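Me: I have a structure to look at and some labels that puzzle me. Could you go through them with me?

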Amino acid sequence: MKLKIGDRILLIILVLMLMLFSLGLLAIAIGIIPANNAGSIISEANRGMSAIVTAAVAVILFIVGLRLLVASLIPPKPLSTILATTELGVVRVSIASLDTLTQKAVNSFQEVKEVKSVVLPDADGARIQLKITILPDVVMPELTQSIQTKVKEYVESLSGINVKEVQVYI
């Protein structure tokens, strides 16, 4: 799981708060803070802060925890595709490289105004999804067939990766 920088900062804050809380519980457990005084310490701290601030801190900590839980459950995007396995090891081509090759192949068509591509690694190759915006008065079946053929040939010839399919959404 790779977290974004903002999620990492939130995680650090949450862990520090949890560590402080656990140190307080430890101090109560070993008798540094008497258990009957723990409630009065909390009420004194709450008297120093307004109830609104206490509630805000509680809500913020809950939201941070929820955000980190969601971030940890999102599956990571695959970073590379296996090109070949040799006796010396595995050769990989990054998804970003395959995406760049795809973009270059599609941008060679003058009828295409804009392209967004997604390269999905497969067991023995890759699948490519394209979302394109085209100029008006273009014959779509001919253009999409040409784009699919060119992308498949271009990516396979330069990367050695088998392109299983090229999906085009206009």
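Reply: Happily; let us take your questions one by one. This is a predicted model, where local features need pLDDT of at least 70, side-chain atom pairs count only at pLDDT 80 or more, and totals for chains, interfaces and linings use all residues. Residues are numbered from 1 along each chain as its sequence is written, and side-chain values use heavy atoms, with hydrogens and water left out.

Me: Why does Ser-117 count as buried?

Reply: Buried means under 20% relative accessible area (1.4 Å probe, protein chains only), while exposed means over 50% and partly exposed lies in between. Ser-117 has 13% relative accessibility, so it counts as buried.

Me: What makes the link between the side chains of Ser-117 and Asp-99 a polar contact?

Reply: A polar contact is a pair of N or O atoms within 3.5 Å; within protein, one must be able to donate a hydrogen and the other to accept it, and residues adjacent in sequence count only if both atoms are side-chain atoms. The two side chains are joined at 2.2 Å. Ser-117 also makes a side-chain polar contact with Gln-103, at 2.8 Å.

Me: How do you know that the buried residues of α4 line one face of the helix?

Reply: They are Ile-95, Leu-98, Leu-101, Thr-102, Ala-105 and Val-106. Seen down the axis of α4, they fall within an arc of 130° (taken from the directions from the helix axis to the C-beta atoms), so they line one face. On the other side of α4, Ala-96, Thr-100 and Lys-104 are exposed.

Terms used
Helices (H or I, at least four residues) and strands (E, at least two) are DSSP runs, numbered from the N terminus.
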